[in-house]
Amino acid sequence: MEQLSLFDNREKEAPLASRLRPETLEEYVGQTHLLGEGKILRRLIENDQISSMIFWGPPGVGKTTLARIIAKKTQSNFVEFSAVTSGIKEVKEVMNQAEENRKMGMRTLLFADEIHRFNKAQQDAFLPYVEKGSIILVGATTENPSFEINSALLSRCKVFILKALDEEELKMLLKHALESPKGFGRLKVSIGEKEIATIAGFSNGDARTALNTLEMAALNGQMDENACINIDGELLAQCMNRRSLLYDKNGEEHYNLISALHKSMRNSDPDAAVYWMYRMLDGGEEPLYIARRLVRFASEDVGMADSNALQVAVAAYQACHFLGMPECDIHLTHAVVYLSMAPKSNALYMAVEEAKEDIREMPAEPVPLQIRNAPTDLMKELHYGEGYVYAHDTEEKLSKMPCLPDSLKGRRYYRPTDQGAEEQVHKRLEEILAWKNEES
């Protein structure tokens, strides 16, 4: 009898993630906010009411798989397009065939993976066929469709946001891979709950990464005398190329580390801030997440004390978007050190928080008549804009006209500090308030 081997031809046919690709909604894991019982996308699929749509979400969450399931469920011809290999000529050829199929009662679901990579001309080529209903366009993108997809095309598509899989969903997938005959079900693979959780945590919500990591570990695992492949933490560390496996991007350690970074910058400690920032990167944190937190910090904790801080933080975010890891670590370091050393003011944060509280707790006040716009005669008759003073027409470039509702007269939200450049703002504001309080 031939010994069963991990290198059996059937096991080498395709990567694990491809072999385990779900074929039905029941097999599909994740996106319960869209595909759970009674949820909108599931109802559309089950009622065969599918129209063109965009799937927006991170890699490895099942965008392509879901498009294939929809095509099968709705008995549509599935055509996959690539921005790299498909030009205008190929687009039109497929569209013309789809139009012929439509006339014969056959639907075509055209799946455009990474639709944000299609140029304007390619996207425009889809438009008339989407409008006529010749095709059902399903685009997949990891980028914000508002910025990457032509507005005319986007307006004709429903956008569905797909979320990264949580760790429980990833663990479910990994266990299925170990048990399924399409996966490693015909083999003996020994792996503990801790190691499965480690792979799930490392994968950052990406099912493909999780399955690829498991496959690599299984291919490199030691087979004992009982033909059992053993996967332990040391092997996983090598497969994942991570020195530390403790970082959980959705758990307590995630929040502990971002808190450490934030508070180190607030305390003007660049050394600690750089350390905590790189701890996050080394643990697999998405650099754009860190960059977003730096943008928030620039206004929340530095603010008007150094308005350049916001520009530096936004530039770091853009650099991370352009380059990604590992190159963008130096841009994050630049921003972290700048923010750490900048003068600090939380006056903007306090201003908006106090305004929020008043808006929550007090009645919604009407806009005072003097600062309402009056584009029609009726509005003028109702005294809209009456008493408005155009500041540029005054010698001081100021007026004593009140802009807050009467119930909030004299209320102050923004109280500038004397830190950095905000000191000049403080002096200017005090001068303005003193002038406004003078007797006319």
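The largest pocket is a handy place to start: 36 residues line it, and those nearest its centre are Pro-58, Pro-59, Asn-204, Glu-286 and Leu-288. Keep in mind that this is a predicted model. If you want a figure for the space itself, the volume comes out at about 1,400 Å³. As for the chemistry of the lining, it divides into 16 nonpolar, 12 polar and eight charged residues.

Which helices feed that lining? At least two residues each come from helix 7 (145–148), helix 15 (287–302) and helix 16 (308–323). Helix 15 gives the most, with four residues.

Now move over to the five-stranded sheet. This one is open, its pairing is parallel, and its strands run in the order 2-3-4-1-5. The edges are strand 2 (77–82) and strand 5 (158–161), each of which pairs on one side only. Going from one strand to the next, the twist averages 20 degrees. To get your bearings inside the sheet, look at strand 1 (residues 53–56) and strand 4 (residues 136–141): they run parallel and are joined by four bridges. One spot to click on is Ile-54, whose bridge partner in strand 4 is Gly-139.

Two helices lie across strands of this sheet. Helix 4 (residues 63–73) lies across strand 1, strand 2, strand 3 (108–113) and strand 4, and makes an angle of about 175 degrees with strand 3. Helix 5 (residues 88–103) lies across strand 2 and strand 3, this time running at about 170 degrees to strand 2.

Further along the chain there's another open sheet, with three strands in the order 6-8-7 and mixed pairing. Strand 6 (188–191) and strand 7 (222–223) are the edge strands, each pairing on one side only. Where does the mix come from? Strand 6 and strand 8 pair in the parallel sense over four bridges, while strand 7 and strand 8 (residues 228–231) pair in the antiparallel sense over two bridges. On the parallel side, Lys-188 stands opposite Cys-228 in strand 8. On the antiparallel side, Gln-222 stands opposite Asn-230 and Met-223 stands opposite Ile-229. Strands 7 and 8 also form a hairpin, with four residues between them. If you check backbone torsions there, Ala-227 in the turn has a positive phi of about 60 degrees.

Next, a helix pair. Helix 14 (residues 270–282) and helix 17 (residues 329–341) have axes that come within 9 Å and cross at roughly 145 degrees. The crossing is right-handed. From helix 14, Pro-270, Ala-273, Val-274, Met-277, Tyr-278 and Leu-281 take part, and they meet Asp-329, Leu-332, Thr-333, Val-336, Val-337, Ser-340 and Met-341 of helix 17. What sort of residues make up this contact? They divide into 10 nonpolar, two polar and one charged.

Finally, have a look at His-426, which sits in helix 20 (residues 422–437). What does His-426 touch, leaving aside its neighbours within four places in sequence? Its contacts are Pro-416, Thr-417 and Asp-418. Thr-394 is 32 residues away from His-426 along the chain, and the C-alpha atoms of the two are separated by 23 Å.

Notes:
Residues numbered from 1 in each chain as written. Predicted model: local features only at pLDDT ≥ 70, side-chain atom pairs only at ≥ 80, totals over all residues. Heavy atoms only, no water. Pairing = 2+ DSSP bridges. Axes fitted to C-alpha atoms, helices over the stretch in contact; angles between N-to-C directions. Left-handed = near helix turned anticlockwise from the far one by under 90°. Contact = heavy atoms within 4.5 Å. Nonpolar A, V, L, I, M, F, W, Y, C, P; charged D, E, K, R; others polar. 1 Å grid on protein atoms, 1.4 Å probe; cavity = no way out; pocket = protein on both sides within 12 Å on 5 of 7 lines; lining within 4 Å. Points joined across faces, edges and corners; volume = space filled by probe spheres on them.
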